[in-house]
Amino acid sequence: QKLRPDIAMYSAVTSACDQMQQWTWALQMLSLASAEDLRPDAAMYCATITACQRVARWEAALALLMKADCGIWSPGGDVVHNALLSVFEKATQWELAL
């Protein structure tokens with residue numbers, strides 16, 4: 001019987017990509033999760049945004065926020081928003097945070 005990956009597996013791999021500063025791999029994990037009809041959660045988006053932050057890819061991080069469909073606009077989404085603010089800070093794009 002073939003095991004199917006779940007969102008927890010994709011989230012864990014995305015977190016590992018973040019730690020290794022592999023932002024393109026983190027983006028790929030989001031795409032693969034969506035292709036498997038899985039809904040990426042806030043933790044997965046946060047890890048991907050943080051991976052983008054580590055290499056000052058603020059454009060990619062902002063695009064992620066715009067397409068995120070994981071409840072990050074709810075009160076619990078402040079972690080994702082804080083990660084995005086860190087991206088802007090590192091990329092010296094503080095005007096975007098306003």
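**Helix packing around α3**

At 0% relative accessibility, Cys52 counts as buried, and in this predicted model that residue offers a convenient point from which to follow the packing of the helices. Cys52 belongs to the set of α3 residues that touch helix α4, and Cys52 is also listed among the α3 residues that touch helix α2. A second cysteine, Cys46, has a relative accessibility of 14% and therefore also falls under the 20% limit for a buried residue. A search of the whole structure nevertheless finds 0 disulfides, a disulfide being a covalent bond between the sulfur atoms of two cysteines.

We turn next to the pairing of α3 with the helix that follows. The axes of helix α3, which covers residues 42-54, and of helix α4, which covers residues 58-67, come within 8 Å and cross at roughly 160 degrees; because angles over 145 degrees count as roughly antiparallel, α3 and α4 are roughly antiparallel to each other. Their crossing is left-handed. On the α3 side the contact is made by Tyr45, Thr48, Ile49 and Cys52, while α4 contributes Ala60, Ala61, Leu64 and Lys67. Sorted by character, the residues of this contact comprise 6 nonpolar, 1 polar and 1 charged.

The pairing of α3 with the preceding helix can be read in the same manner. Helix α2, made up of residues 23-35, has an axis that comes within 8 Å of that of α3, and the two axes cross at roughly 155 degrees, which makes α2 roughly antiparallel to α3. Here, too, the crossing is left-handed. From α2 the residues in contact are Trp23, Ala26, Leu27, Met29, Leu30 and Ala33, and from α3 they are Met44, Tyr45, Thr48, Ala51 and Cys52. These residues divide into 10 nonpolar, 1 polar and no charged.

Which residues of α3 appear in both contacts? Tyr45, Thr48 and Cys52 are named on the α3 side of the contact with α4 and again on the α3 side of the contact with α2.

Helix α1 enters the picture through Ser11, a residue found in this helix, which spans residues 7-19. With a relative accessible area of 11%, Ser11 lies under the 20% limit and is therefore buried. Leaving aside residues up to four places away in sequence, Ser11 touches Asp41, Ala43 and Met44. Of these partners, Met44 is also one of the α3 residues in the contact with α2.

Technical notes: Residues are numbered from 1 along each chain as its sequence is written. This is a predicted model: local features need pLDDT of at least 70, side-chain atom pairs count only at pLDDT 80 or more; totals for chains, interfaces and linings use all residues. Side-chain values use heavy atoms; hydrogens and water are left out. A disulfide is a pair of cysteine sulfur atoms within 2.5 Å. Buried means under 20% relative accessible area, exposed over 50%, partly exposed in between (1.4 Å probe, protein chains only). Axes are lines fitted to C-alpha atoms, for helices over the stretch in contact, and angles run from 0 to 180 degrees between N-to-C directions. Helices (H or I, at least four residues) and strands (E, at least two) are DSSP runs, numbered from the N terminus. Angles under 35 degrees count as roughly parallel, over 145 as roughly antiparallel, 65 to 115 as roughly perpendicular and the rest as oblique. A crossing is left-handed if the near helix is turned anticlockwise from the far one by less than a right angle, and right-handed if clockwise. Contact means heavy atoms within 4.5 Å. Ala, Val, Leu, Ile, Met, Phe, Trp, Tyr, Cys and Pro count as nonpolar, Asp, Glu, Lys and Arg as charged, and the others, Gly among them, as polar.
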